[in-house]
Amino acid sequence: MEIITHRPEEECGIFGIFNHPEAANLTYLGLYALQHRGQEACGIVSSDGTNLYSHKSMGLVADVFGNQDVFKYIPGQAAIGHVRYSTAGESVIKNVQPIMVNYSRGSIAVAHNGNIVNAQFIKDELEAWGSIFQTTMDTEIIVHLLAASKASSLLERITDAMNRIKGAYCLLFLTETRMVAARDPHGFRPLCLGKLGGSYVVASESCALDLIEAEFIREIEPGEIIVVDKNGINSYFPLRKVEPTPCIFEFVYFARPDSFIFGKNVYQVRKELGRQLAREHRVEADIVIPVPDSGVPAALGYAEESGLRFELGLIRNHYVGRTFIEPQQSIRHFGVKIKLNPVHETLKDKRVVIIDDSIVRGTTSRKIVKMVRNAGAKEVHVRISSPPTSYPCYYGIDTPNRKELISSSHTIEEIRKYITADSLGYLSREGLLNAVGSENSSYCHACFTGGYPVKFPMLGPEPQLGLFEKE
Ligand code: AMP
């Protein structure tokens, strides 16, 4: 994650495998399955038991690793990999992960998904002690903390580092002889453990295990550190326990629907969000259409519950990345058109319910409503399978600052007018919590409520990243 002074923009995926003759190749496939978590850059670091090797670059997984020749340069039986999305200004090769360093105890590589909220504070302190940073990523802080730790074992050094950093992080470390996976005590981001024959596999989402036909063992627990070496795996819980607060937005939008995260299948949760939405915001209409792909499961749930016909009224070009992931507003405007095209024959003279997972700035919905109307729809009703996104995320989901979030400053009626819909309905907060089954765990829903589970001081109207004090 990048150290910036206004807000984080990081969505990442991590994958690692230990004890497999084709470690880097399988990591490549794992990253392929996690491409939705970051499309800007990717990298793999491998180990042959003696040395670490790295290959990383800007670009999609297929572009960076599509040429089989690169695997000659990342040999060995263990590998970790990373897919990354970051801010436009810092889309530079030096910030591509995994980060690999040599220090007094050998070599180590680290891949990180999430966002460390006290990064700048620690960085300032480390720099005052003479540390020199090569990247602008908060992930590098972890490496410096490891190097600075006086502890004798790797596990203790990682624990020391984890005791200093606050926020959201899933980490994968690789040394010459070990792979270590760690999840922050709040468990913001998903991380799971699998097995493929005699190899252990770690991935942000279970869909990556499915692709390589690894068996899903379990999720890595919040606050857990798993050390994998030639003797097998060991699990540790060295940190102070806190109440886990996994990110509810992973269910709403971010994770892939075929993944199993936080104890549930994402597709089933999304369908239930749609059913609940239909119970809360029924409307007389002819058809229900999703905004593909993110709105599909919720639209199926909505159609099922309301008895309305499910149709595909918008077709997505699958060779275009997630709209939101385009860095500039100008490109984002353009992006909706490149990405979606209406099916006139489906929409003509129909009263249409459009289902999407969220409205962030309102740009996408506005374009889509116009598109559907221009295709001949008689009425356009927009239904959103989550509550209004009114607060920025500081734990690793790319949401803009408050000013840009349309629902932070507009009523639902104002948003309806802006997107030019005949009606607009958001899922209620209670509806969301019921649908994800919050009875057994509390989720982080700061983006909807502003209740941030990991605190930082307010420095003006919005928390300023990079200027946090120690808790
Ligand atoms: P906007 O045009 O800014 O209102 O963006 C809304 C669209 O972005 C919806 O279709 C969502 O599926 C999608 N979206 C919501 N959150 C994110 C995110 N963090 N990253 C990428 N896309 C997102």
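## Report on a predicted model: E205, the sheet and the core

E205 is in contact with L34, H36, R37, C192, F254, A255, R256, S259 and I261, leaving aside residues up to four places away in sequence. The model is predicted.

E205 sits in the loop that runs between β10 and α6 (206–211). Its relative accessible area is 0%, and buried means under 20%, so E205 counts as buried. The side chain of E205 makes a polar contact of 2.7 Å with the side chain of R37.

The strand that precedes this loop, β10, belongs to an open sheet of seven strands. Their order is β3-β2-β4-β1-β10-β9-β11, and the pairing is antiparallel. Strands of a sheet pair through backbone hydrogen bonds, either parallel or antiparallel. At the edges are β3 and β11, each of which pairs on one side only. From one strand to the next, the twist averages 15°. Helix α1 (residues 23–33) packs on the sheet and touches β1, β2, β4 and β9. The direction of α1 makes about 25° with that of β4.

Residue ranges for strands of the sheet are given below.

| Strand | Residues | Role |
|---|---|---|
| β3 | 52–58 | edge strand |
| β11 | 215–219 | edge strand |
| β1 | 11–18 | touched by α1 |
| β2 | 41–47 | touched by α1 |
| β4 | 78–85 | touched by α1 |
| β9 | 192–196 | antiparallel to β10 |
| β10 | 199–203 | antiparallel to β9 |

Strands β9 and β10 are joined by five bridges. In one of the pairs, L193 has V202 of β10 as its bridge partner.

Turning to the nonpolar side chains, the largest nonpolar core holds 44 residues, and Y302 and Y395 have the most contacts inside it. At least two residues of this core come from each of α7, α8, α9 (296–306), β20 (351–356), α15 and α16. The most are given by α7, with six residues. The core lies between domain 1 (12–245) and domain 2 (266–317 + 331–443), because both give residues to it. In soluble globular proteins, nonpolar side chains tend to be buried together.

One contributor to the core is helix α15, which spans residues 429–436. Its buried residues are G431, L432, L433, A435 and V436. Among the elements that cover these residues are α7 (248–254), β15 (264–265), α8 (266–280) and α16 (446–449). Just after α15, G437 has a positive phi of about 70°.

Technical notes: Residues numbered from 1 in each chain as written. Predicted model: local features only at pLDDT ≥ 70, side-chain atom pairs only at ≥ 80, totals over all residues. Heavy atoms only, no water. Buried < 20%, exposed > 50% of the residue type's maximum accessible area, 1.4 Å probe, protein only. Helix = DSSP H or I, 4+ residues; strand = E, 2+ residues; numbered from the N terminus. Contact = heavy atoms within 4.5 Å. Core = buried A, V, L, I, M, F, W, Y, C linked by side-chain atoms within 4.5 Å. Domains from an automatic or database assignment. Pairing = 2+ DSSP bridges. Axes fitted to C-alpha atoms, helices over the stretch in contact; angles between N-to-C directions. Polar contact = N/O pair within 3.5 Å; in protein donor to acceptor, adjacent residues only side chain to side chain.
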